[in-house]
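Subject: Structure handover

Hello,

Here is the structure I promised to pass on. Please open it first; my notes follow below.

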Amino acid sequence: MDSGELRRRFGAHVQRLREARGLTQEQLADRISRSVDTVGNIERGVNGTRLETGYALARALGIGAGELFDVAAVPRLPIAKRRKAVEQLLQVIDGLDDRSLAQLKVLVEAALRLAHANR
């Protein structure tokens, strides 16, 4: 994984953690004594973060540093968002014939294997 991808994954992970705790970027920035721009740049993967800032983020989010820096972990949507995503998928495939559904299943399984292999 190159440094750009690492920054993007880390930033997305920070954003998911922040949102799961119902915090705004402004609130998180206040908790770590950094600017909103800093938090936004971290979340977008524009900038990496210093180790000290990483530890401050972990404390502010109520997690250990290991969990914060575990960017290889598979992100999980909150249950309500997962249900909505599943409902949207069902709408997309509604009305497909059995053959098309079987082909779609093969494609999805292959895509998931590739995604898993690239972690």
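The radius of gyration used here is taken over C-alpha atoms, and the globule rule is 2.2 Å times the number of residues to the power 0.38. By that rule, a compact globule of 119 residues would come out near 14 Å. The protein chain has 18 Å. Keep in mind that this is a predicted model.

**Overall shape and fold**

The C-alpha trace spans about 55 × 30 × 25 Å along its principal axes. The secondary structure comes to seven helices and zero strands. From the N terminus on, the elements therefore read α-α-α-α-α-α-α.

Some totals for the chain. Of its 119 residues, 24% count as buried. The accessible surface is about 8,400 Å², and carbon and sulfur atoms hold 55% of that. Take the contacts with a separation of 6 or more: residues 24 or more positions apart account for 57% of them.

**The core**

Which residues have the most contacts inside the largest nonpolar core? They are F10, V14, L28, I32, L57, L61 and L68. The core has 17 residues in total. Helix 1, helix 2 (25-32), helix 3 (36-44) and helix 4 (51-61) each supply at least two of them. Helix 4 gives the largest share, five residues.

F10 is a good place to start looking. Set aside its neighbours within four places in sequence, and F10 is in contact with I42, T49, L57, L68, F69 and V71. Two of these partners, L57 and L68, are also on the list of core residues with the most contacts.

Now helix 4. Its buried residues are T53, G54, A56, L57, A58, A60 and L61. They pack against helix 1, helix 2, helix 3 and helix 5 (65-68). Right after the helix comes G62, with a positive phi near 75 degrees.

**One backbone point to check**

S33 also has a positive phi, of about 55 degrees, although it is not a glycine. S33 sits in the loop between helix 2 and helix 3. Is S33 buried or exposed? At 63% relative accessibility, S33 counts as exposed, because the cut-off for exposed is over 50%.

**Salt bridges**

How many salt bridges are there? The count comes to six. Three are described here.

E5 takes part in two of them. With R8, the closest N and O atoms are 3.4 Å apart. With R9, the N to O distance is 3.0 Å. Together, E5, R8 and R9 are linked in a network of salt bridges.

Why can E5 reach both arginines? The spacing along helix 1 (residues 3-20) fits: E5 and R8 are three residues apart, so about one helical turn separates them. E5 and R9 are four residues apart in helix 1, which again means a separation of about one helical turn. The exposure values of the three are these:

- E5 is partly exposed, with a relative accessible area of 28%.
- R8 is partly exposed, at 45%.
- R9 is partly exposed, at 22%. The cut-off for buried is under 20%, so R9 falls outside that class.

The third bridge lies in helix 7 (residues 98-117). K105 pairs with E109, and the closest N and O atoms are 2.7 Å apart. K105 and E109 are four residues apart in that helix, so they too are separated by about one helical turn. E109 is partly exposed, with 34% relative accessibility.

**A nonpolar surface patch**

Look at the surface around helix 7 as well. L96, L101, L104, L107, V108 and L112 form a nonpolar patch there, with about 500 Å² of accessible area together. One of them, L104, lies in helix 7. L104 is partly exposed, with a relative accessible area of 30%.

**Where to look, in short**

For the core, start from F10 and its contacts, L57 and L68 among them. For helix 4, follow its buried residues to helix 1, helix 2, helix 3 and helix 5. For charged pairs, view the network of E5, R8 and R9, then K105 with E109. For the surface, view the patch that includes L104 and V108. For the backbone, view G62 and S33.

Best regards

Definitions and conventions:
Residues numbered from 1 in each chain as written. Predicted model: local features only at pLDDT ≥ 70, side-chain atom pairs only at ≥ 80, totals over all residues. Heavy atoms only, no water. Salt bridge = Lys/Arg side-chain N within 4 Å of Asp/Glu carboxyl O. Helix = DSSP H or I, 4+ residues; strand = E, 2+ residues; numbered from the N terminus. Buried < 20%, exposed > 50% of the residue type's maximum accessible area, 1.4 Å probe, protein only. Patch = residues over 30% accessible without salt bridge, like charges linked within 9 Å, V, L, I, M, F, W, Y side chains within 5 Å. Areas by Shrake-Rupley, 256 points an atom, 1.4 Å probe, with all protein chains shown as cover. Contact = heavy atoms within 4.5 Å. Core = buried A, V, L, I, M, F, W, Y, C linked by side-chain atoms within 4.5 Å.
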